[in-house]
Amino acid sequence: MSNVRVRFAPSPTGALHIGGVRTALYNYLFARQNGGKMLLRIEDTDSNRFVPGAEEYIIESLKWLGIEIDEGVGVGGEHAPYRQSERKDIYRKYVDQLLNDGKAYIAFDTPEQLEAKRNEIKNFQYDATTRGMMTNSLTLDAEEVKSRIANGDNYVVRIKIEPGEEVEVDDLIRGKVVINSSIIDDKVLYKSADNLPTYHLANIVDDHLMEITHVIRGEEWLPSAPLHVLLYRFLGWADTMPRFAHLPLLLKPQGNGKLSKRDGDKLGFPVFPLEWTDPKTGEKSKGYREEGYLPEAVINILALLGWHPSSDQEMFTMDELIKEFSLDRVSKSGAKFDFEKGKWFNHQYLEKKDNNDLAVYLKKELDARGIKATDENIAKAAGHAKARANFANELWEQASFFFIAPESYDEKTAKKRWKAETPEIMSQLYTVFEGIEDFSLENTEKIVTKWIEEKGYGMGAVMNPLRLALVGESKGPHMFDITEILGKEETLRRLKKAIEVIPVSE
RNA sequence: GGCGCAUUCGUCUAGUGGCCUAGGACGCGGCCCUCUCACGGCUGAAACCCGGGUUCGACUCCCGGUUGCGCUACCA
């Protein structure tokens, strides 16, 4: 496919939720795979719902995830501006064209009047069957319309849908979808109150002008796709109409309904890529980034939510996704986010991550507590912790014992492992440690295991209490990995204290 | 209510008329490895929504229903 151009076109009405992120991702993968362009357009045609900071949030989120924008808000391009609120004049021109061609008309009905009609008539729809009884340029004479406009009356421009036609949408994911035009209402395309178009018009005009070839968006747009097809036709652009692909929705993990921004993080997992504070309510919502997810993991999770490769492979880098992705392997039904699997994915990526990269998470905690440690040891500790953590911010709790001596000892473990003979064995071990010059993993292990064998103590009788003494509980990596990082001095200090403090069981 | 889309293990899904005794992954259970935890290896339980057709043969095709979801705004 040549000259592929796709767009991600969110509204700045708050934080971008992961459903939106996935839409952006699929667009990006499709663009990259075909050597095309990925555009970012901000659809801020609803002045009432505009939320300050939302646009910056969207851009930062995409950047964090590695979804690159080739053209659009933040990067510019030859089709600028890319913010719909800055394209008013452009839309007005096409509104007039539709009006002149008799494809649209002006309506003066107020929201209150429409509300009244909806109450009066069951299943009221503003369409060919009802427009004759409403207040619009079809029922009013031309002079009246003119004077009302001159008078400053608010009006809207509605599309004039001819009933009884089967309108066909050829969807790349779902195949042919047919809807009868009779059930499409005369949608508002433009409102004089703020001189802005609604989504439907702005979307079609911009996609056409920006030479979009493929519209990849959420399934919630499928019902209005026929309206969009009609608009392309009315504007004379039917021959260059983009292809459509409607993605299945991301559903709430439990219960029903599609995932929404309002779900915040009440679901047990974040629904936003980055932490977000609602500027109106001050309410804070968690973000994947702050919860310790790695961007590569989030991408991988999202990619597989609604798409499946032709193999059983599950781990994908962005480059692999670009190679493998295809719209015809996108599933048709909605997907629920599985927190447990997300955890697993993140763990996989955490384990792959270089220890030095992970060290920064520990460094932060150490600095906050004023603890000094060598970079080498921090990296080593991070390496051991990453095998046991699911999220980057769990690293510290898995590694803190390397830097902070136990204050207390896990009671259950003490009861099980600290027997009558243990203090004596530990005292002997203390002496053994004292005699070791080279405290490296290999050397310490060699000497201690040899000593255990000679004494005939058994590994468990020595190692388990030693672990309790040095770590404080029954967890952690290989014992001599721990002593190596702790060093001789600290190992002896902890062991001595444990012998003094831990009570013998039974 | 109307219209549309969907419907395979708890979850994400494979499956395009015979390869299906329905496969993989997460999660869950067991065993092994082992100084602990985690990892890893092996292994177990776990699904074709229901009826009708079509066909020699349906998870796969058609029709109807169920259920879920979406849309039905001067929101996107």
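Trainee: Let's start with phenylalanine 337: buried or exposed?
Mentor: Bear in mind that this is a predicted model. The relative accessible area of phenylalanine 337 is 4%. The cut-off for the inner class is under 20%, so with 4% phenylalanine 337 counts as buried.

Trainee: How many aromatic pairs turn up across the whole structure?
Mentor: A pair of aromatic rings is described by the distance of the centres and the angle of the planes. Searching the whole structure on that footing gives a total of 20 aromatic pairs.

Trainee: Take tyrosine 57 and tryptophan 276: what kind of aromatic pair do they form?
Mentor: Their rings sit 5.1 Å apart, centre to centre, with 80° between the planes. Planes over 60 degrees apart fall in one particular class, so the pair of tyrosine 57 and tryptophan 276 is edge-to-face.

Trainee: How many residues apart are tyrosine 57 and tryptophan 276?
Mentor: Tyrosine 57 belongs to helix α2 (residues 54-65), while tryptophan 276 is in strand β13 (residues 276-277). Both of these residues are buried. The pair links distant parts of the chain, and the gap is 219 residues.

Trainee: And what about phenylalanine 269 with phenylalanine 337: which kind of pair is that?
Mentor: Here the centres are 4.4 Å apart and the angle between the planes is 15°. An angle under 30 degrees decides the class, so phenylalanine 269 and phenylalanine 337 count as stacked.

Trainee: How far apart in sequence are the parts that this Phe269 and Phe337 pair ties together?
Mentor: Phenylalanine 269 is in the loop between β12 (250-251) and β13. Phenylalanine 337 is in the loop between β15 (335-336) and α10 (339-352). Because the two rings come from those two loops, the parts they tie together are separated in sequence by 68 residues.

Trainee: Which residues do ring pairs link into a cluster with Phe269?
Mentor: Phenylalanine 269 is itself buried, at 3% relative accessibility. Ring pairs join Phe269 into a cluster with Tyr288, Tyr293, Phe337, Phe339 and Phe391.

Trainee: Moving to the nonpolar side of things, which residues have the most contacts inside the largest nonpolar core?
Mentor: That core has 149 residues, and helix α1 (residues 18-33) gives the largest share of it, nine residues. Another core, of seven residues, lies apart from it and includes Leu114 and Phe124. Inside the largest core, the residues with the most contacts are Ile67 and Leu429.

Trainee: Now the open sheet of four strands: what is its order?
Mentor: The pairing is antiparallel. Its edge strands, each pairing on one side only, are β4 (104-107) and β9 (196-197). Three bridges join β5 (residues 156-159) to β8 (residues 188-191), and two join β8 to β9. Read across, the order is β4-β5-β8-β9.

Trainee: In β8, which residue is the bridge partner of arginine 158?
Mentor: Next door, valine 157 stands opposite tyrosine 190 in β8. The strands β5 and β8 run antiparallel, and the bridge partner of arginine 158 is valine 188.

Trainee: In the hairpin of β8 and β9, which residue takes a positive phi?
Mentor: Lysine 191 in β8 has leucine 196 in β9 as its bridge partner. Four residues lie between the two strands, and the phi in question is near 55°. The residue that takes this phi is asparagine 195.

Trainee: What separates the C-alpha atoms of phenylalanine 244 and lysine 364?
Mentor: Phenylalanine 244 lies in strand β11 (residues 243-247) and is buried, at 3% relative accessibility. Among the residues it touches are Val169, Leu172, His228 and Tyr232. Lysine 364 is 120 residues away along the chain, and the C-alpha separation is 47 Å.

Trainee: Zooming out, what is the radius of gyration of chain A?
Mentor: The C-alpha trace spans about 110 × 45 × 40 Å along its principal axes. Buried residues make up 51% of the 506 residues in chain A. A compact globule of 506 residues would come out near 23 Å, but the radius of gyration of chain A is 32 Å.

Conventions:
Residues numbered from 1 in each chain as written. Chains lettered and ligands numbered in written order. Predicted model: local features only at pLDDT ≥ 70, side-chain atom pairs only at ≥ 80, totals over all residues. Heavy atoms only, no water. Pairing = 2+ DSSP bridges. Core = buried A, V, L, I, M, F, W, Y, C linked by side-chain atoms within 4.5 Å. Buried < 20%, exposed > 50% of the residue type's maximum accessible area, 1.4 Å probe, protein only. Rg over C-alpha atoms; globule rule 2.2 N^0.38 Å. Phe/Tyr/Trp six-rings, centres within 6.5 Å; stacked < 30°, edge-to-face > 60°. Contact = heavy atoms within 4.5 Å. Lists of a residue's contacts leave out its neighbours within four places in sequence.
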